[in-house]
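I am opening this notebook to record what I look up in a structure that is new to me. I will keep each entry to a single topic.

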Amino acid sequence: MKPRSPRGHGATAAAALLLAALVLSGDVLPAVGAGGPSFNYKDALTKSIMFLEAQRSGKLPPNNRIKWRGDSGMEDGKLAHVDLTGGYYDAGDNVKYGLPLAFTVTTLAWTAMAFEHELKAAGELDNVHAAIRWGTDFFLKASAKKNHLWVQVGDPNADHQCWVRPENMPTPRTLYEINEKTPGSEIAAETAAAMAASSIVFRKDKSYSRRLLNKAKLLFQFAKTHQGTYDGECPFYCSYSGYNDELLWAATWLYLATKRQVYADFIGHEAISSSVAEFSWDLKFPGAQVLLAELNMTSNGGLQSFKAQADNFVCAVLPDTPFHQVFITPGGMIHLRDGANSQYVTSTAFLFVVYSDVLRRINQPVMCGAQAVPPARLLEFAKQQMDYLLGANPRGRSYVVGFGANPPTQPHHRGASTPVLPPGYQVNCGMSFSEWFTPDRPNPNELTGAIMGGPDGGDNFSDKRGNSSCTEPCTYINSLSIGPLAALAIRGANLLATH
């Protein structure tokens with residue numbers, strides 16, 4: 001594993017020039033204390049939420065803020081005589097994948113709870129609630145039948161042969177499902193987690209909250225009783241980690257929503273938990289461990305502490321602990337793998353801010369062997385990761401569309417790169433790539449707030465839509481950015497203020 005390389009004097013001078021330019025543009029504010037650059041986090045927060053609105057499928061609401069988007073997927077579900085309109089397109093294509101969609105909603109719901117004060121102060125809580133509900137309304141349709149879940153809309157292979165905005169897509173809206181004969185514990189459990197977490201968010205709407213919670217219970221039971229991995233979303237969303245993490249994750253959210261002993265018993269005696277160095281749509285262990293650490297709960301009949309496992313996640317990520325595992329680029333960014341690597345940047349920042357709040361409440365540090373790591377160190381690292389995406393990086397550029405210095409202009413995204421076409425326009429899929437994908441020019445529609453997949457392990461980035469590893473955005477990158485950005489916007493640049 002490569003060591004983290006110090007920057008030279010040339011990079012330092014370039015960074016100083018970048019900071020001066022950003023201050024003049026208004027996207028970065030003068031630094032507060034020793035926390036480094038202080039960007040316009042509130043603007044970044046607002047724009048990060050707007051990206052999710054650009055990913056909506058179905059009948060758009062009257063208050064739609066993304067003016068180049070229109071209604072799409074209005075016949076989704078028709079092939080099976082069901083209504084599967086709504087939900088989200090996951091990234092730059094026009095497919096609705098159940099696993100990442102559910103993870104996006106679960107993390108949005110957690111964000112709405114953990115950062116309620118900050119989101120309300122920033123005037124964004126209603127927008128986050130609307131983003132959650134756009135997903136949960138879809139899940140209620142997809143889970144209408146017991147022991148059955150519609151998990152995907154759209155044939156990805158056919159979709160990837162046509163470069164067209166969703167409003168004009170001619171590609172088949174093939175439906176994919178799981179049931180007792182074709183189980184999919186990962187997707188069923190993740191959807192259960194999304195609905196259970198969202199039921200807490202919407203408790204003031206008792207009827208809606210109850211509907212979500214009842215469906216969550218049934219889906220968890222389905223996932224647990226009919227265990228199996230669904231590979232129908234491969235090779236695009238293969239669950240390499242298996243479904244034990246989703247079962248623990250779903251049980252955790254159901255316990256938090258109900259406080260029923262049956263879920264506590266599953267967590268403590270049946271669920272499998274493991275120390276890992278990644279939190280993502282495929283691997284949920286650290287998320288569950290952070291949630292359970294504050295409850296002083298254990299697994300494996302009391303032999304494993306969730307607090308210790310949450311600590312292990314932190315110790316594996318931070319570069320200044322004896323148990324460091326995760327590669328940090330020369331510019332300071334977490335890098336797990338090419339291809340939407342920014343998801344690990346935002347997910348780590350999210351968990352670090354949430355866990356630092358937990359540690360403050362229980363008055364404990366992270367323990368990395370004999371080394372005690374204070375909560376403030378987690379906040380510092382989280383801020384560094386978010387600042388990297390906003391512009392504090394060796395290339396001196398923003399990786400957020402419509403924000404900061406030299407922001408990306410060619411996101412790998414069908415809707416943003418295709419001009420608005422008349423309703424009913426007949427697209428020639430064979431010509432679509434040469435017309436709208438290949439030309440080296442800025443997208444005609446700004447995909448405001450989209451966080452790019454990001455640089456490679458050497459901090460290199462190519463703003464070309466053909467380089468999907470760098471330029472494709474994903475809903476779960478942004479859903480996990482909202483909490484840290486809200487904390488930075490409201491608590492201050494150094495994140496040291498508590499709730």
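The entries below go through the model topic by topic.

**Ground rules.** I note first that this is a predicted model, in which local features need pLDDT of at least 70 and side-chain atom pairs count only at pLDDT 80 or more, while totals for chains, interfaces and linings use all residues. Residues are numbered from 1 along each chain as its sequence is written, and side-chain values use heavy atoms, with hydrogens and water left out.

**Nonpolar cores.** I looked up the nonpolar cores, each a set of buried Ala, Val, Leu, Ile, Met, Phe, Trp, Tyr and Cys residues joined through side-chain atoms within 4.5 Å. For burial I use relative accessible area: buried is under 20%, exposed is over 50%, and partly exposed is in between, with a 1.4 Å probe and protein chains only. The largest core holds 150 residues, and Trp-110, Trp-253 and Tyr-355 are the ones that touch the most other members. A second core, separate from that one, has nine residues, among them Cys-162, Leu-421, Val-427 and Phe-437.

I then asked which residues Tyr-355 touches, leaving out those up to four places away in sequence. Taking contact as heavy atoms within 4.5 Å, I found Val-290, Ala-293, Lys-307, Ala-310, Asp-311, Val-314, Val-366 and Leu-378.

**Helix H2.** Helices (H or I, at least four residues) and strands (E, at least two) are DSSP runs, numbered from the N terminus. Helix H2 covers residues 41–54, and at 1.5 Å a residue its 14 residues should span 20 Å, which agrees with end C-alpha atoms that are 20 Å apart. The expected span here is 1.5 Å times one less than the number of residues. I also checked its surroundings and found H2 mostly covered, with 12 of its 14 residues buried; the buried ones include Tyr-41, Leu-45, Ile-49, Phe-51 and Leu-52.

**Disulfides.** How many disulfides are there? Counting a pair of cysteine sulfur atoms within 2.5 Å as a disulfide, I arrive at three.

The sulfur atoms of Cys-162 and Cys-429 are 2.1 Å apart, and the torsion about their S-S bond is about -80°, so this disulfide is left-handed. The pair links distant parts of the chain, 267 residues apart, with Cys-162 in the loop between helix H6 (156–159) and strand E5 (175–179) and Cys-429 in helix H16 (residues 429–437). Cys-162 is buried at a relative accessible area of 1%, whereas Cys-429 is partly exposed at 23%.

Cys-234 and Cys-238 form another disulfide, with their sulfur atoms 2.1 Å apart. In this pair Cys-234 is partly exposed at a relative accessible area of 32%, while Cys-238 is buried at 10%.

Cys-315 is joined to Cys-368 with an S to S distance of 2.0 Å, and the torsion of about -95° makes this disulfide left-handed. Cys-315 lies in helix H12 (residues 306–317) and Cys-368 in strand E8 (residues 366–368), so the bond ties together parts that are 53 residues apart in sequence. Both of these cysteines, Cys-315 and Cys-368, are buried.

With the bonded cysteines numbered in sequence order, I write the pairing as 1-6, 2-3, 4-5. Cys-470 is in no disulfide, and its nearest cysteine sulfur, that of Cys-474, is 13 Å away. Cys-470 is buried at a relative accessible area of 7%, and Cys-474 is buried at 4%.

**A sheet.** I next looked at an open sheet of three strands in the order E3-E4-E5, with antiparallel pairing, where two strands pair if DSSP finds at least two bridges between them. Strand E3 (96–97) and E5 stand at the edges with a single partner strand each, so one side of each has no neighbour in the sheet. E3 pairs with strand E4 (residues 148–153) over two bridges, and Lys-96 has Val-153 as its bridge partner in E4.

**Backbone exceptions.** Most residues other than glycine have a negative phi, and most peptide bonds are trans. Against that background I noted a cis peptide bond between Cys-234 and Pro-235, with omega about 5°; Pro-235 is in the loop between helix H8 (206–225) and helix H9 (244–258). Asn-147 has a positive phi near 55° and sits in the loop between helix H5 (125–142) and E4. Ala-340 also has a positive phi near 55°; this residue lies in the loop between H12 and helix H13 (342–362) and counts as buried at 11% relative accessibility.
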